[in-house]
Amino acid sequence: MERISDIGATPYEPAPRGESLRKLRNGGRSSGLESLKFALSIVLDCLTFVVLVIPILVRYAVGLFVSPQKKKIAGQLALVTGGANGLGREICLQLAKEGCHIAVNDLDATNGAKTVDDLKKMGVKAKFFKADISNYDAVQGLRKEIESSLGPVDILVNNAGVLPLMSLREGKPEDIQKVLEINLLSHFWTLRAFIEGMITRRSGHIVAIASATSYLPVGRLVSYVASKYGVRGLMEALNDEMYFDGLQNEIHTTTVFPCFMNTRKEVINTLQKLDILSRMPIFSTKRTARAIVSGMLRNQRHVFMPKYVGPFLTHYETIPVEIRRVATKLLLQNKGVPKLMD
């Protein structure tokens, strides 16, 4: 494969085609023999697939009636980014109830200190770490600080994020860049910093706060939607990578898809401006955090909040776009989605 650093520096070399490609695929053998071999391999693969899938289907069927047991995390250390306020703070408190020590990361040192004080009253170790997680070097420094004062991170909760009420043509180019850095690239930086330790210890859990917009491409929130789609893709691929590395039973991932929460005042003001505040379920951060931690303790790959939107969101992309837009118009009472920036 071409190295990233060589892009544009080396001439383009086209892949083999036609007869050259057929020779490579057949390994010099006759095409008739190769076709027979291919057909037999497909039959064998299908039979193997059926045999391997049966116990998985049985396990899923049992799971419909028997809830998996919660794992114990007492004494472990969790890093919660954006942990000073809102959902992040509530996640810290819920983890502390399970006996988990907490490293609180945020840029808000004042409320970060308050959260740490509340956590210590619950009998766990807690410390605030101010760091800009959208910066790779800052995250590496954060890792060293945490490990030297509290120890290695067992649970990584990537919660920090921004919700810009900004369409594609609004704001400055650096605004879009910052949204992607905070909402998406920061996940890459924290993962690169902390996952090696988890792999070495063959134990860990990674939680990512995505959004219902990871499935719902909402206009007027283009940069936010793109970042949350990215988080969804990142976590799905990461989970697959852990499987390929034989770590699927040691390092778990949980991706969270919450709908509207009562967090920042401007979000509620926007829903009121759109005249849909009374038509949408609004969940408290405490209730959402309880669902997140409960799902994590059961090693759930996906947590939808509320739970009942899960089947709708996961099938939303298969609905014809015209039908989706009719539903949007009805929700907005035929008013459309106005530009949200003043």
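This passage describes a helix pair and a pocket in a predicted model.

Residues are numbered from 1 along each chain as its sequence is written, and side-chain values use heavy atoms, with hydrogens and water left out. As the model is predicted, local features need pLDDT of at least 70 and side-chain atom pairs count only at pLDDT 80 or more, while totals for chains, interfaces and linings use all residues.

We can start with the helix pair. The axes of helix 3 (residues 86–97) and helix 9 (residues 285–297) come within 8 Å of each other and cross at roughly 50°. Helices (H or I, at least four residues) and strands (E, at least two) are DSSP runs numbered from the N terminus; axes are lines fitted to C-alpha atoms, for helices over the stretch in contact, with angles from 0 to 180 degrees between N-to-C directions. Helix 3 and helix 9 are therefore oblique to each other, a class left once angles under 35 degrees (roughly parallel), over 145 (roughly antiparallel) and 65 to 115 (roughly perpendicular) are set aside. On the helix 3 side, Gly 86, Leu 87, Glu 90, Ile 91, Gln 94 and Leu 95 make contact (heavy atoms within 4.5 Å) with residues of helix 9 including Thr 285, Ile 292, Val 293 and Met 296.

Helix 9 also helps to line the second largest pocket, supplying at least two residues, as do helix 2 (31–63), helix 7 (222–244), strand 6 (251–258), strand 7 (302–305) and helix 10 (310–316). Helix 2 gives the most to this lining, with 6 residues.
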